[in-house]
Amino acid sequence: MKTFLTLCLSFFLFTNCVEESSKNETKVVETSNNVSEDPLPSWNDGDTKIAIMDYVQDVTNETSENFIPEIDRIATFDNDGNLWSEQPAYFQLFFAIDRVKQLASDHPEWKNTQPYQSILEDDLNTLMSFGEKGLLEIIMVTHSGLSTEAFEKIVKDWLMVAKHPRFNKPYNELIYQPMLELLDYLRANNFKTFIVSGGGIEFMRPWVEDAYGIPKDQVVGSSIATEYDYNNGSPVIKRLPKIDFIDDKAGKPVGINRFIGRKPVFASGNSDGDLQMLQWTDSNRYKSFQLYLHHTDADREWAYDRDSHIGKLDQGLDEAREKGWTVINMKEDWKIIYPFQKNK
């Protein structure tokens with residue numbers, strides 16, 4: 001898997017010298033080599049970039065009344081549509097679709113059984129018409145009956161060969177360059193970054209460390225039930241065809257409390273499914289930062305919000321505007337979208 005974390009914030013950042021800028025200019029960080037560098041080079045100068053940097057500089061300044069101790073600098077990020085793309089369908093769904101096709105020879109009945117028939121006929125519209133129940137059935141069939149090690153290998157093998165239908169790139173190359181820079185910027189200022197996603201935790205764990213620099217043990221996601229099997233002296237964890245936890249909407253604060261144990265001070269998402277996570281973060285006694293990504297760039301990525309079946313942003317957008325949360329306008333705030341566009 002290609003590693004994208006070759007950004008400029010690797011050493012000596014924030015040795016206590018930050019330049020003040022005007023409202024219309026980006027603040028820069030001076031390294032110990034006295035070289036001024038922009039920690040968010042793929043972000044256009046403007047209110048969004050300034051708001052992020054002002055917040056980080058404020059809460060990491062020991063003389064500020066808003067100073068946050070390092071142990072409490074928890075930052076949570078949704079994944080689908082926030083750290084990588086999610087159109088025209090969730091990437092994990094494409095994985096499940098390919099798994100159905102791989103397993104079809106062992107299930108001849110699928111040719112005449114929905115929702116499998118729609119997959120084998122490449123009829124995505126019909127597949128989506130079966131709603132959550134149909135998609136859940138596909139996930140159970142394609143994601144269970146394996147050990148955790150076997151499933152991890154299948155995910156890694158799929159990422160090596162599968163290509164996105166629009167960009168013809170591996171799915172793990174459709175991660176957002178500006179968000180990679182934001183993750184690095186936060187970590188350079190001693191924030192601990194977590195993924196909190198509705199996606200499957202064991203679908204994400206095999207690749208997120210290389211893609212985002214987020215260790216697999218800092219991933220909170222939806223999960224299916226598992227059980228321990230001694231397996232005649234070769235112990236394994238088996239994946240069962242049963243939902244264990246759904247990490248979406250109100251499930252996100254529950255998952256954060258269960259698996260992280262500290263309330264975030266920084267939270268980033270892109271849909272109504274992330275709203276409760278941002279509300280939970282907003283209730284922190286420390287100064288907090290809520291960041292929504294608004295997909296507004298149909299030419300370079302996609303433009304969607306209130307009427308979208310995937311990544312719907314309706315109530316969350318209204319609440320962000322009401323409470324003064326920061327909203328990224330993808331078209332206006334980002335110079336590029338993906339890492340592979342850096343040299344173009």
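**Note on the predicted model: a surface loop residue, a buried strand residue and four helices**

1. D217 is exposed, with a relative accessible area of 62%. The cut-off for exposed is over 50%. D217 sits in the loop that links α8 to β5 (219-229). Its C-alpha atom is 9.8 Å from that of I201, a residue 16 positions away along the chain. This is a predicted model, so read every value here as computed from predicted coordinates.

2. Now the chain overall. The protein chain contains twelve helices and ten strands. It has 344 residues, and 52% of them are buried. Take the contacts with a separation of 6 or more: 64% of these join residues 24 or more positions apart.

3. T76 is a contrast to D217. T76 belongs to strand β3 (residues 74-77). Its relative accessibility is 0%, so T76 counts as buried; the limit is under 20%. What does T76 touch, leaving aside its neighbours within four places in sequence? The contacts are F194, V196, I256, I260, P264, F266, A267, S268 and M277.

4. Helix α1 covers residues 47-59. Its 13 residues should span 18 Å at 1.5 Å a residue, and the end C-alpha atoms are 18 Å apart, which agrees. Ten of the 13 residues are buried, so α1 is largely enclosed by the rest of the structure. The buried set is T48, K49, I50, I52, M53, Y55, V56, Q57, D58 and V59. Note that K49 and D58 are in that set, although Lys and Asp count as charged.

5. What do the buried residues of α1 pack against? The partners are two helices, α7 (177-188) and α12 (330-333), together with the strands β7 (266-269), β8 (289-296) and β10 (326-329).

6. Helix α2 (residues 91-103) also has 13 residues. From first C-alpha to last it reaches 19 Å, close to the expected 18 Å. Buried here are F91, Q92, L93, F94, F95, A96, I97, R99 and V100. These buried residues pack against the helices α3 (116-120), α4 (124-129), α5 (131-143), α6 (148-161) and α8 (201-212), and against strand β4 (192-200).

7. Look next at α2 with α6. Their axes come within 11 Å and cross at roughly 100°. That makes α2 roughly perpendicular to α6. On the α2 side the contact uses F91, F94, F95, D98 and R99; on the α6 side it uses F151, I154, V155 and W158. By class, the contact residues are seven nonpolar, no polar and two charged.

8. How do α6 and α8 cross? The two axes come within 9 Å, at roughly 60°. The helices are therefore oblique to each other. The crossing of α6 past α8 is right-handed. From α6, T148, F151, E152, V155, K156, W158 and L159 take part; they meet E202, F203, P206 and W207 of α8. This contact divides into seven nonpolar residues, one polar and three charged.

9. One link between points 7 and 8 deserves a look in the viewer. F151, V155 and W158 of α6 appear in the contact with α2. F151, V155 and W158 appear again in the contact with α8. Helix α8 is also among the elements that the buried residues of α2 pack against.

Terms used. Residues are numbered from 1 along each chain as its sequence is written. This is a predicted model: local features need pLDDT of at least 70, side-chain atom pairs count only at pLDDT 80 or more; totals for chains, interfaces and linings use all residues. Side-chain values use heavy atoms; hydrogens and water are left out. The expected span of a helix is 1.5 Å times one less than its number of residues. Buried means under 20% relative accessible area, exposed over 50%, partly exposed in between (1.4 Å probe, protein chains only). Contact means heavy atoms within 4.5 Å. Axes are lines fitted to C-alpha atoms, for helices over the stretch in contact, and angles run from 0 to 180 degrees between N-to-C directions. Angles under 35 degrees count as roughly parallel, over 145 as roughly antiparallel, 65 to 115 as roughly perpendicular and the rest as oblique. A crossing is left-handed if the near helix is turned anticlockwise from the far one by less than a right angle, and right-handed if clockwise.
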